[in-house]
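Colleague: I would like a close look at one part of this model, with the residues around that part brought in where they help. Please keep to what can be read from the coordinates.

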Amino acid sequence: MNILDFLVPSSVALHYPAGTSTDVITHLGKLLFDAGYVRDSFVEAALDRESRLPTGLPLSGDVNAAIPHTEVEHVLKPGLAMATLFAPVTFQNMISPEEAVPCQLVFVMALDQPKAQIEMLQEIAGILQNPAVIQSLMLASSFEEVRATFSKDRS
């Protein structure tokens, strides 16, 4: 599974000025909706799922990530949205939900097969273990730079 096969160019928000985790999930969900990837129920379902099963992921470097998603019935076709945030917003830790995680890199998954969700989570988790890739994504100012970062990670 290659992240570039799913990343929707119009659903990449770089240096987004989110105020809250709800703000960034809503923004990315609306971008996926506008691009025809998800149903109008997607954002509400993703926010509901995030409140019950948080996706904040503390990483080893300065930037932490979150990977919100929801059930397959809210998805029309598989896609992935991504945001780098101007300033961190708080997500709850996926392992220890009582712990807050300041996140600056967010991937919203819209996948139409449960098995694909697991595979994409593994793909993203692998990417997030590479500090150079994270730094490159955080510095990116265009989708082309994001694409180049993910392409370079593959080589």
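What follows is one request about a helix pair and one connected answer.

Colleague: Please take helix 1 and helix 2: at what angle do they pack, and how far apart are their axes? Which residues in helix 1 meet which residues in helix 2?

Modeller: The model is predicted, and everything below should be read with that in mind. Helix 1 covers residues 21–34 and helix 2 covers residues 42–52; their packing angle is about 145 degrees, and the axes lie 9 Å apart. The crossing of helix 1 past helix 2 is right-handed. On the helix 1 side the contact is made by Thr22, Ile25, Thr26, Gly29, Lys30 and Leu32, and on the helix 2 side by Phe42, Val43, Ala46, Leu47 and Glu50. Sorted by class, this contact of helix 1 with helix 2 holds six nonpolar, three polar and two charged residues.

The loop between the two helices deserves a look as well. Ala35 sits in this loop between helix 1 and helix 2. Its relative accessible area is 27%, so Ala35 ranks as partly exposed. Ala35 and Ser10 are 25 residues apart along the chain, yet their C-alpha atoms are separated by 7.1 Å. Leaving aside residues up to four places away in sequence, Ala35 touches Val8, Ser10, Ser11 and Lys77.

Helix 2 also carries a salt bridge, in which the side chains of Asp48 and Arg52 meet with an N to O distance of 3.1 Å. Asp48 and Arg52 are about one helical turn apart, because they are four residues apart in helix 2. Both partners are partly exposed: Asp48 has a relative accessible area of 39%, and Arg52 has one of 46%.

A search of the whole structure gives two salt bridges. Besides the Asp48 and Arg52 pair, there is a salt bridge between Lys115 and Glu119, whose closest N and O atoms are 3.0 Å apart. Lys115 and Glu119 both belong to helix 3 (residues 114–128), where they are four residues apart, about one turn of the helix. Lys115 is exposed at a relative accessible area of 60%, whereas Glu119 is partly exposed at 29%.

Beyond helix 2, the chain can be picked up at Pro54, Gly56 and Pro58, which are among the residues touched by Asn93. Asn93 itself is found in the loop between strand 4 (79–92) and strand 5 (100–110). With a relative accessibility of 4%, under the 20% limit, Asn93 counts as buried. Its side chain has two backbone nitrogens as polar partners: that of Ile95 at 2.7 Å, and that of Ser96, which lies 3.2 Å from a polar atom of the Asn93 side chain. Glu99 and Val101 are also touched by Asn93, when residues up to four places away in sequence are not counted.

A second buried residue may be set beside Asn93. Thr149, in helix 5 (residues 143–154), has a relative accessibility of 4% and therefore counts as buried. The Thr149 side chain reaches the backbone oxygen of Glu145 at 2.9 Å. Apart from residues up to four places away in sequence, Thr149 touches Val133, Ser136 and Leu137.

Notes
Residues are numbered from 1 along each chain as its sequence is written. This is a predicted model: local features need pLDDT of at least 70, side-chain atom pairs count only at pLDDT 80 or more; totals for chains, interfaces and linings use all residues. Side-chain values use heavy atoms; hydrogens and water are left out. Axes are lines fitted to C-alpha atoms, for helices over the stretch in contact, and angles run from 0 to 180 degrees between N-to-C directions. A crossing is left-handed if the near helix is turned anticlockwise from the far one by less than a right angle, and right-handed if clockwise. Contact means heavy atoms within 4.5 Å. Ala, Val, Leu, Ile, Met, Phe, Trp, Tyr, Cys and Pro count as nonpolar, Asp, Glu, Lys and Arg as charged, and the others, Gly among them, as polar. Buried means under 20% relative accessible area, exposed over 50%, partly exposed in between (1.4 Å probe, protein chains only). A polar contact is a pair of N or O atoms within 3.5 Å; within protein, one must be able to donate a hydrogen and the other to accept it, and residues adjacent in sequence count only if both atoms are side-chain atoms. A salt bridge is a side-chain nitrogen of Lys or Arg within 4 Å of a carboxyl oxygen of Asp or Glu.
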